[in-house]
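Grab a pencil and open the viewer next to this page. Below are a few exercises, each with a worked solution to follow along.

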Amino acid sequence: MKPYNTQSPQQKRSRLFVLVCALLLLGCLGLLFFQSRGRRPQAPQSVTLPFAMGEQKIQVHLQLPAGWQAAKAQQRPDPLLLTLPSVLYILQNEDGDLVGAVGCQAYDPAEGENPAAIYASVRMGSVYRFAVDAATQPFCQTDTGSTLLTQVLYQDGADAPQQQNWGILSHNSEQGVFAAIELDAAQVSQEQAEFLAQALQVSA
């Protein structure tokens, strides 16, 4: 004779509750597993930004950190103060926050390879300037020039505190143009600034 089931209704309900919880847990784990298999890590993105400088067409080639995007600026990207006459592009990080601005400027190729002369239009300001003189050596050489990694300095008045951001400058000696990038130092690490500087190229 089979033993009589002596479990109380309360015990049966407890076992059923445990079983349902276990099935739900297994379902959640399975869903997370398949989602993780389908999710690919973001990779750095190569972008080309076109600039029209009169009749001259210039392209600035960038390698953006993972998750970053570039877009044409609809207005001056405050609080970044990149002061160039060309159309500006803004850089946004993976959260969509404004972290940088990109511009382009012509110069006289007859100035040779002297950075002080090439970048004179952005190094001479009393309130806002790229610290070109502080970059004693190029960060890297390009096919048509070189790239500097330095700082952007902003001080609105003698008694005001000096603000500093990352600055990247890269010129093309054949076309007589340079690209300038300002990066918000509060949101962009030195490693990210170096990553951008390493791949920056300016071409026709």
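Before we start, one term: contact means heavy atoms within 4.5 Å. Keep in mind, too, that this is a predicted model.

**Exercise 1. Get the overall picture: how many helices and strands does the protein have, and what share of its residues is buried?**

Step 1. Count the elements: the secondary structure comes to four helices and eleven strands.

Step 2. Check the burial. The protein has 204 residues, and 35% of them count as buried.

Step 3. Look at the outside. The accessible surface is about 12600 Å², with 53% of that belonging to carbon and sulfur atoms.

Step 4. Ask how far along the chain the contacts reach. Of the contacts with a separation of 6 or more, 50% are between residues 24 or more positions apart.

**Exercise 2. Work out the order of the strands in the open sheet of three strands, and say which strands stand at its edges.**

Step 1. Read off the order: E1-E2-E11, with antiparallel pairing.

Step 2. Find the edges. Strand E1 (45-53) and strand E11 (201-203) have a single partner strand each, so one side of each is left without a neighbour in the sheet.

Step 3. Add the twist: on average, neighbouring strands of this sheet are turned by 20 degrees against each other, direction ignored.

Step 4. Zoom in on E1 and strand E2 (residues 56-64), which run antiparallel and are joined by nine bridges. Along this pair, Val47 sits opposite Leu62 in E2, and Pro50 has Gln59 in E2 as its bridge partner.

Step 5. Follow the chain round the turn. The hairpin of E1 and E2 has two residues between the strands, and Gly54 takes a positive phi near 65 degrees there.

**Exercise 3. Describe how helix H4 packs: which of its residues are buried, and which strands do they pack against?**

Step 1. Place the helix. H4 (residues 190-199) lies across E2 and E11, and runs at about 140 degrees to E2.

Step 2. List the buried residues of H4: Ala193, Leu196 and Ala197. Seen down the axis of H4, they fall within an arc of 100 degrees, so they line one face of the helix.

Step 3. See what that buried set meets. The buried residues of H4 pack against E2, strand E7 (140-141), strand E8 (146-154), strand E9 (163-172) and strand E10 (177-183).

**Exercise 4. Strand E10 is on that list, so take it next: how many of its residues are buried, and which strands pair with it?**Step 1. Count the cover on E10: seven of its seven residues are buried.

Step 2. Sort them by face. In a regular strand the side chains alternate between the two faces of the sheet. In E10, Val177, Ala179, Ile181 and Leu183 are buried on one side, and Phe178, Ala180 and Glu182 on the other.

Step 3. Find the partners. E5 pairs with E10 in the antiparallel sense over seven bridges, and Gly103 stands opposite Ala180 in E10. E9 also runs antiparallel to E10, joined by seven bridges, with Ile168 and Ile181 as bridge partners.

Step 4. Check the turn between E9 and E10. This hairpin has four residues between the strands, and Gly176 takes a positive phi near 70 degrees.

**Exercise 5. Compare three single residues, Ala71, Asn93 and Ser146: is each one buried or partly exposed?**

Step 1. Recall the cut-off: buried means under 20% relative accessible area, exposed over 50%, and partly exposed in between.

Step 2. Start with Ala71 in strand E3 (residues 69-72). Its relative accessible area is 29%, so Ala71 is partly exposed. Leaving aside neighbours within four places in sequence, Ala71 is in contact with Tyr89 and Ile90.

Step 3. Move to Asn93, in the loop between strand E4 (89-92) and strand E5 (98-106). At 10% relative accessible area, Asn93 is buried. A polar atom of its side chain lies 2.9 Å from the backbone nitrogen of Asp97. Beyond four places in sequence, Asn93 is in contact with Gly67, Trp68, Val99 and Gln187.

Step 4. Finish with Ser146 in strand E8. With a relative accessible area of 9%, Ser146 is buried. Not counting residues up to four places away in sequence, Ser146 touches several others, including Tyr119, Cys140 and His171. Ser146 and Phe178 are 32 residues apart in sequence, yet 9.8 Å apart in space, C-alpha to C-alpha.

Technical notes. Residues are numbered from 1 along each chain as its sequence is written. This is a predicted model: local features need pLDDT of at least 70, side-chain atom pairs count only at pLDDT 80 or more; totals for chains, interfaces and linings use all residues. Side-chain values use heavy atoms; hydrogens and water are left out. Buried means under 20% relative accessible area, exposed over 50%, partly exposed in between (1.4 Å probe, protein chains only). Accessible areas come from the Shrake-Rupley method with a 1.4 Å probe; for residues, only the protein chains shown count as cover. Two strands pair if DSSP finds at least two bridges between them. Axes are lines fitted to C-alpha atoms, for helices over the stretch in contact, and angles run from 0 to 180 degrees between N-to-C directions. A polar contact is a pair of N or O atoms within 3.5 Å; within protein, one must be able to donate a hydrogen and the other to accept it, and residues adjacent in sequence count only if both atoms are side-chain atoms. The arc is that of the directions from the helix axis to the C-beta atoms.
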